[in-house]
Amino acid sequence: MINDQNNPGGSAPTGGARAFFRKYRIALILLAVALLLVVVIARQYNHKPQAGAGGPGGPGGPGGQGGPVPVSVATAAYGDIQVRIPALGTVTPLATVTVRTQISGILQKVAFTEGQLVHQGDLLAQIDPRPYEAAVQQMQGNLRRDQALLADAKLDLVRYEGLVKEDSIAVQQLDTQRALVDQYAGTIESDEGQLKTAQVNLAYTHIVSPVNGRVGLRQVDQGNYVTPGDANGLVVINQVQPITVIFPIPEDNVPALMGRSRNGAALTVEAYDRTNSAKLAEGKLLTLDNEIDTTTGTVKLRAQFDNADGALFPNQFVNIQLLQDVLQHQITIPNSAVRRGAPNGVVTTFVYVVNADHTVTVRPVTLGVVDGERVAVSSGLSTGERVVTEGGDRLRDGAQVMLPQAAAAGPASAVKAPGTQGGRPKDPHRPRKQNSTPQ
């Protein structure tokens with residue numbers, strides 16, 4: 001083999017070796033990186049704490065420190081559970097009135113402010129009254145004229161009746177006079193009707209609110225000529241105090257509601273905002289619709305609210321809670337205490353019950369009605385028993401726990417009462433174990 005001229009000693013790689021490294025350089029680098037990652041992962045795995053030896057998944061406690069698991073607890077107690085029906089409702093005014101003019105004329109004055117709360121009878125607008133005042137005056141003149149003609153005809157009738165008795169005039173003339181009196185009487189009745197019509201038209205120039213409510217945006221500006229045929233009217237008024245909410249509920253709830261209504265019970269209805277977090281108003285159920293919607297299987301209900309603070313606004317979407325019934329003397333616990341899983345190999349609903357020695361026991365329970373943050377327990381739990389509400393994700397059957405009041409006094413005193421170890425009296429001659437977590 002011939003050595004390179006620049007390396008007569010032959011210590012440098014040959015040309016073939018250099019070509020080999022250049023060709024597979026990237027592959028060799030990737031192989032080296034892969035081997036390094038395998039070594040790092042293997043070291044981490046060998047140092048990982050095992051469950052049951054102080055790891056979070058075992059009874060030794062969090063963080064692998066070999067201590068009990070700090071938890072929050074609640075005591076099962078008797079209480080009343082409210083049976084509620086949730087629904088999505090729409091705020092609907094008791095009355096929605098489009099105020100229109102009933103006569104034609106120039107809109108002389110707009111007397112309301114947009115968005116103003118008005119009362120029944122308050123002035124809203126004024127139409128030029130002068131043409132209608134003149135019409136009233138004309139009708140009054142016609143009536144007075146015809147009343148004078150009737151009085152004169154009645155006097156002639158009395159004279160003709162005397163002359164007929166004296167046989168001075170023909171009976172036909174007397175009959176004609178009687179007909180004339182009746183004609184004038186009919187004319188006066190017509191005049192009186194026309195006068196009332198003119199007076200009503202004059203009153204229509206003074207437009208007032210027909211209901212209590214809130215006015216919307218005005219549809220016509222001052223100075224325009226308005227007629228009864230205007231499509232939009234002058235303004236729309238919504239009655240908002242009180243106000244109602246219409247909401248649907250499933251048809252399965254109808255028999256119970258009808259039974260409560262027949263007994264005269266006043267059902268409470270609460271309205272919440274769209275996030276279902278803030279309570280807006282509380283009212284009462286007014287009525288149910290007279291039929292079930294076959295397309296949705298629901299029936300509409302109407303509830304009424306005083307709405308004194310104006311929290312409910314027309315066409316607003318609100319979350320409704322209808323209080324259907326109150327179940328008394330129920331064993332209740334917080335919702336956070338309920339867990340679902342298979343602690344014993346069977347999928348069930350269970351709670352962690354705290355024992356006197358600060359260990360927990362898995363207890364299957366049967367749940368009843370849910371009321372907000374509480375739930376009724378039909379079976380599996382007795383009053384006075386303590387259940388874990390927070391920290392249960394790190395527990396298993398038989399694990400030891402640290403209660404909040406004990407944790408405030410320190411970790412050691414929180415786990416064990418003075419003079420005890422693992423629920424048994426201390427033996428001063430017994431050697432201390434390195435890890436005394438109960439299994």
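# Exercises on a predicted protein chain

The secondary structure of this protein chain comes to six helices and 25 strands. The model is a predicted one, and the exercises below move from the whole chain to single residues.

**Exercise 1. State what share of the 439 residues in the protein chain is buried, and describe the surface and the contacts of the chain.**

Solution. Begin with burial: of the 439 residues in the protein chain, 32% are buried. Turn next to the surface, where the chain exposes about 27,000 Å², with carbon and sulfur atoms supplying 52% of that area. Finally, take the contacts with a separation of 6 or more, and note that 71% of them are accounted for by residues 24 or more positions apart.

**Exercise 2. Check whether the span of helix H3 agrees with its number of residues, and then find which of its residues are buried.**

Solution. Helix H3 covers residues 171-204, which makes 34 residues, and at 1.5 Å a residue the helix should therefore span 50 Å. The C-alpha atoms at its ends are 50 Å apart, so the expected span and the model agree. The next step is to list the buried residues of H3, which are Leu174, Gln177, Val181, Tyr184, Ile188, Asp191, Leu195 and Ala198. An α-helix has 3.6 residues a turn, so residues three or four places apart point the same way. As for what lies over the buried residues of H3, the cover includes helix H2.

**Exercise 3. Work out which strands stand at the edges of the open sheet with the order E8-E7-E5-E10, and look at how E5 is joined to E10.**

Solution. The sheet is open, has four strands and shows antiparallel pairing. Strand E8 (206-208) and strand E10 (225-226) each have a single partner strand, so they stand at the edges and one side of each is left without a neighbour in the sheet. Strand E5, residues 105-110, runs antiparallel to E10 and is joined to it by two bridges. At the level of residues, Ile106 has Tyr225 in E10 as its bridge partner.

**Exercise 4. Apply the reasoning about edge strands to the open sheet with the order E4-E11-E9-E6.**

Solution. This open sheet is again described by four strands with antiparallel pairing. Its edges are strand E4 (96-99) and strand E6 (117-118), because each has a single partner strand, and one side of each is thus left without a neighbour in the sheet. E6 is joined by two bridges to strand E9, residues 213-215, and the two run antiparallel. Within this pairing, Val118 stands opposite Gly213 in E9.

**Exercise 5. Decide whether Asp128 is buried or exposed, and describe its surroundings.**

Solution. Locate the residue to begin with: Asp128 lies in the loop between strand E7 (123-127) and helix H2 (130-165). Its relative accessible area is 13%, and because buried means under 20%, Asp128 counts as buried. The side chain of Asp128 is joined to that of Arg130 by a polar contact of 2.9 Å. When neighbours within four places in sequence are left aside, Asp128 is in contact with Ile106, Gln108 and Thr205.

**Exercise 6. Trace the strands joined to E21, and find the residue with a positive phi in the hairpin of E20 and E21.**

Solution. Strand E21 (residues 374-379) runs antiparallel to strand E16 (residues 317-334), and three bridges join them. Here Thr332 stands opposite Ala376 in E21. E21 also runs antiparallel to strand E20 (residues 366-371), to which four bridges join it, and Val370 stands opposite Val375 in E21. The hairpin of E20 and E21 has two residues between the strands, and in this hairpin Gly372 takes a positive phi near 65 degrees.

**Exercise 7. Describe the backbone at Asn315, His329 and Pro242, and say where each residue is placed.**

Solution. Asn315 is a residue other than glycine with a positive phi, near 70 degrees, and it is found in the loop between strand E15 (298-305) and E16. With a relative accessible area of 60%, Asn315 is exposed. His329, which is not a glycine either, has a positive phi of about 55 degrees and has its place in strand E16. Its relative accessibility is 62%, so His329 counts as exposed. Pro242, in the loop between strand E11 (235-238) and strand E12 (243-250), is joined to Gln241 by a cis peptide bond with omega of about 0 degrees.

Conventions
Residues are numbered from 1 along each chain as its sequence is written. This is a predicted model: local features need pLDDT of at least 70, side-chain atom pairs count only at pLDDT 80 or more; totals for chains, interfaces and linings use all residues. Side-chain values use heavy atoms; hydrogens and water are left out. Two strands pair if DSSP finds at least two bridges between them. Buried means under 20% relative accessible area, exposed over 50%, partly exposed in between (1.4 Å probe, protein chains only). A polar contact is a pair of N or O atoms within 3.5 Å; within protein, one must be able to donate a hydrogen and the other to accept it, and residues adjacent in sequence count only if both atoms are side-chain atoms. Contact means heavy atoms within 4.5 Å. Accessible areas come from the Shrake-Rupley method with a 1.4 Å probe; for residues, only the protein chains shown count as cover. The expected span of a helix is 1.5 Å times one less than its number of residues.
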